[in-house]
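Work through the following exercises with the sequence and the 3D view at hand. Try each task before reading its solution.

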Amino acid sequence: MTAGDDDLVAQIRQALKVVIDPELGHNIVDLGFVYDVSVDDGVAHITMTATTRGCPAASFLKEGVANSAGLVPGVESVDVTMTFEPPWQPWMISPGVKAALGFAEVN
């Protein structure tokens, strides 16, 4: 991966912040749903999850990810893989969103 690919990955991650989980009301990046983003010859490979296997919003989120990443200049196509390994956990949420959702920090 080149420095240009690193920039493209950063742009894709930023673009994915427009995808909002309808239940939690925050973007999927800050919620920790995006596990990996890579780019290979213009193809964005995104590995993501949802809160649970039976999440009714999973297909909606996957479609939003594909559409948002596809709008980034330099992305020719998008491959989204939904995984549940490792299972999503609340500790994956960014600190600011944890506070907004009312999660207390436990030592």
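**Exercise 1: A loop proline**

P86 sits in the loop between strand 3 and helix 3. The model is a predicted one.

Task: Find out what the peptide bond from E85 to P86 is, cis or trans.

Solution. Step 1: Look up the omega angle, which is near 0° for the bond from E85 to P86. Step 2: An omega near 0° goes with a cis bond here, and the bond from E85 to P86 is cis. Step 3: Set this against the general rule that most peptide bonds are trans.

**Exercise 2: The salt bridges**

Task: State how many salt bridges the structure holds, and describe where the partners of E85 and of K17 are placed.

Solution. Step 1: The structure holds two salt bridges. Step 2: One of them joins the side chains of K17 and D30, with an N to O distance of 3.9 Å. Both K17 and D30 lie in the loop between helix 1 and strand 1, so the pair ties together parts that are 13 residues apart in sequence. Step 3: E85 forms a salt bridge with R53, and their closest N and O atoms are 3.7 Å apart. This pair links distant parts of the chain, with E85 in the loop between strand 3 and helix 3 and R53 in the loop between strand 2 and helix 2, 32 residues apart. Step 4: A salt bridge requires the nitrogen and the oxygen to be within 4 Å; the values 3.9 Å and 3.7 Å meet this cut-off.

Task: Classify the four residues of these salt bridges as buried, partly exposed or exposed.

Solution. Step 1: Partly exposed residues fall between the cut-offs of 20% and 50% relative accessible area. Step 2: K17, at 32%, therefore counts as partly exposed, and D30, at 22%, is partly exposed too. Step 3: Exposed means over 50%, so E85 is exposed at 54%, and R53 is exposed at 62%.

**Exercise 3: An aromatic pair**

Task: Describe the geometry of the pair formed by F33 and W88.

Solution. Step 1: A pair of aromatic rings is described by the distance of the centres and the angle of the planes. Step 2: The structure holds one aromatic pair. For F33 and W88 the distance is 5.6 Å centre to centre, and the angle between the planes is 85°. Step 3: Planes over 60 degrees apart count as edge-to-face, and the pair of F33 and W88 is edge-to-face. Step 4: The pair links distant parts of the chain, since F33 is in the loop between helix 1 (3-15) and strand 1 (34-40), while W88 is in the loop between strand 3 (77-82) and helix 3 (95-101), 55 residues apart. Step 5: Both F33 and W88 are buried.

**Exercise 4: A hairpin**

Task: Which residue takes a positive phi in the hairpin of strand 1 and strand 2?

Solution. Step 1: Strand 1 and strand 2 (residues 43-48) run antiparallel and are joined by six bridges. Step 2: One bridge pairs D40 with V43 in strand 2. Step 3: Two residues lie between the strands of this hairpin, and D41 takes the positive phi, near 50°. Step 4: Most residues other than glycine have a negative phi; D41 has a positive value although D41 is a residue other than glycine. Step 5: D41 is exposed, at 70% relative accessibility.

**Exercise 5: The two faces of helix 2**

Task: Check the span of helix 2, then find where its buried residues lie.

Solution. Step 1: Helix 2 has 13 residues, and at 1.5 Å a residue they should span 18 Å. The end C-alpha atoms are 18 Å apart, which agrees. Step 2: The buried residues of helix 2 are A58, L61, G64, V65, S68 and A69. These cover an arc of only 125° around the axis, which puts them on the same side of helix 2. Step 3: The face turned away from the buried side carries the exposed residues S59 and E63. Step 4: Take S68 as an example from helix 2 (residues 58-70). S68 has a relative accessible area of 10% and is therefore buried. Leaving aside neighbours within four places in sequence, S68 is in contact with A15, L16, V18 and V19.

Terms used. Residues are numbered from 1 along each chain as its sequence is written. This is a predicted model: local features need pLDDT of at least 70, side-chain atom pairs count only at pLDDT 80 or more; totals for chains, interfaces and linings use all residues. Side-chain values use heavy atoms; hydrogens and water are left out. Rings of Phe, Tyr and Trp (its six-membered ring) pair if their centres lie within 6.5 Å; planes under 30 degrees apart count as stacked, over 60 as edge-to-face and the rest as tilted. Helices (H or I, at least four residues) and strands (E, at least two) are DSSP runs, numbered from the N terminus. Buried means under 20% relative accessible area, exposed over 50%, partly exposed in between (1.4 Å probe, protein chains only). Contact means heavy atoms within 4.5 Å. Two strands pair if DSSP finds at least two bridges between them. The expected span of a helix is 1.5 Å times one less than its number of residues. The arc is that of the directions from the helix axis to the C-beta atoms.
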